[in-house]
Amino acid sequence: MRDTAALRVEGLVKRYGAFTAVDAIDLTVGRGQAFGLLGPNGSGKTTTLSCALGLLTPTAGRTEVLGVPTERLHTLGGRLACVFDTPALLPGHTIAQNLAYQRRLRGPALPAGRGLDEARALELVGLGHLARRRASDLSLGQKKRLSLAAALAGEPELIVLDEPLSGLDPLGVRDIMQLFHELFERGLTLVVSSHRLHEMQSLLTHCAVIHRGAKLYEGTVAALLGDDATVHVRVDDEAKARQALSDLATVERAPEGGLFVRSVAGDAPRIARRLVEAGVGLLGLAPQRRGLQAAFEALVDADLARRGEVHATPHLAAHEHRGGAA
């Protein structure tokens, strides 16, 4: 029976002396998923992927990719593709030459009719018109696109992307995310390590949250976001509104004015009715679902509380709502 896991990590531990970078992590990425490995810098995301890809030797545990143990990844050929944070390119060579070189590194060409040739891969990532340009003359976003083209110029079933949005300007982020959506729609399995949660929310189907080397959550993004919702209300008397809602929901001051009322999805009518009954003038009400950033922060805060620590910075949920996360 064909293994349904694209990537599997079991009991993974990685220590550097007395420091434990990854602490007994289990992960299973199903084929056809857009899976996010999420966490702040230094949380253990890259270490976990590096062990799974054979770039680091784990202290304990086992890993496999597309049903193959990590120590035999060379047998996968073009079925596995990896794109790292810093593009590894030959700066004095053209885009086309870089792509041809990367293909030669992978070994014998695929049989005719299988996989993408260099020209098709460049067209897919939007670089077809720049094939003769030197890699040293490319922007960072174009270099990342070239790395993706090199990964695609084979027949990958799984693409692993480590911090693919780092260093990109807003337009570069938009273009790269659009490309990721297209790749996912083509049926590729994506594993993305990132701390850019707001941008990733629209892409990911599943995720794992890692903090200080420990896994805090693994499952669907929908389940992580849950049914919690925030309602942004504007009223003529905030003190009176807080009192009226004190037994119904959590109320916080919104940075841009008004109040964030944390309740259960679908409770907006009940919140409005409670305010009106209390004689509070309701000037505006806008339900907003909790975003990935807020869900992540809640997990991290709970982890810090278990450790007896206090989060040193305020929640980013307010900024996320202001940005209109869905």
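**Helix packing and backbone features of the predicted model**

Helices α4 and α5 run roughly parallel to each other, because the angle between them, about 15 degrees, falls under the 35 degrees that bound this class. The model in which this pair is described is a predicted one. Two packed helices are described by the angle between their axes and the distance between the axes. For α4, which covers residues 140–152, and α5, which covers residues 170–185, the axes lie 11 Å apart, and the crossing of the two helices is right-handed. On the side of α4, the contact is made by Gly 141, Arg 145, Leu 148 and Leu 152, while α5 contributes Asp 175, Ile 176, Leu 179, Phe 180 and Leu 183. By class, the residues of this contact comprise 6 that are nonpolar, 1 that is polar and 2 that are charged.

The chain as a whole contains 11 helices and 14 strands. Of its 326 residues, 47% are buried. Among the contacts in the chain with a separation of 6 or more, 69% are accounted for by residues that stand 24 or more positions apart.

Another of the helices, α10, is formed by residues 292–306 and has 15 residues. From its first C-alpha to its last, α10 reaches 21 Å, which is close to the 21 Å expected at 1.5 Å a residue. The buried residues in α10 are Leu 292, Gln 293, Ala 294, Ala 295, Phe 296, Glu 297, Val 300, Asp 303 and Leu 304. After α10 comes Gly 308, a residue with a positive phi near 80 degrees.

Positive phi values also occur in residues other than glycine, and two such residues, Ala 24 and Glu 163, are described here. Ala 24 has a phi of about 55 degrees and is placed in strand β2, which covers residues 19–30. The relative accessible area of Ala 24 is 46%, and this residue is therefore partly exposed, since the value lies between the 20% under which a residue is buried and the 50% over which a residue is exposed. Glu 163, with a phi near 45 degrees, is found in the loop between β7, residues 158–162, and α5, the helix that packs with α4. Glu 163 counts as buried because its relative accessibility of 9% is under the cut-off of 20%.

Notes
Residues numbered from 1 in each chain as written. Predicted model: local features only at pLDDT ≥ 70, side-chain atom pairs only at ≥ 80, totals over all residues. Heavy atoms only, no water. Axes fitted to C-alpha atoms, helices over the stretch in contact; angles between N-to-C directions. Helix = DSSP H or I, 4+ residues; strand = E, 2+ residues; numbered from the N terminus. Parallel < 35°, antiparallel > 145°, perpendicular 65-115°, else oblique. Left-handed = near helix turned anticlockwise from the far one by under 90°. Contact = heavy atoms within 4.5 Å. Nonpolar A, V, L, I, M, F, W, Y, C, P; charged D, E, K, R; others polar. Expected span 1.5 Å × (residues − 1). Buried < 20%, exposed > 50% of the residue type's maximum accessible area, 1.4 Å probe, protein only.
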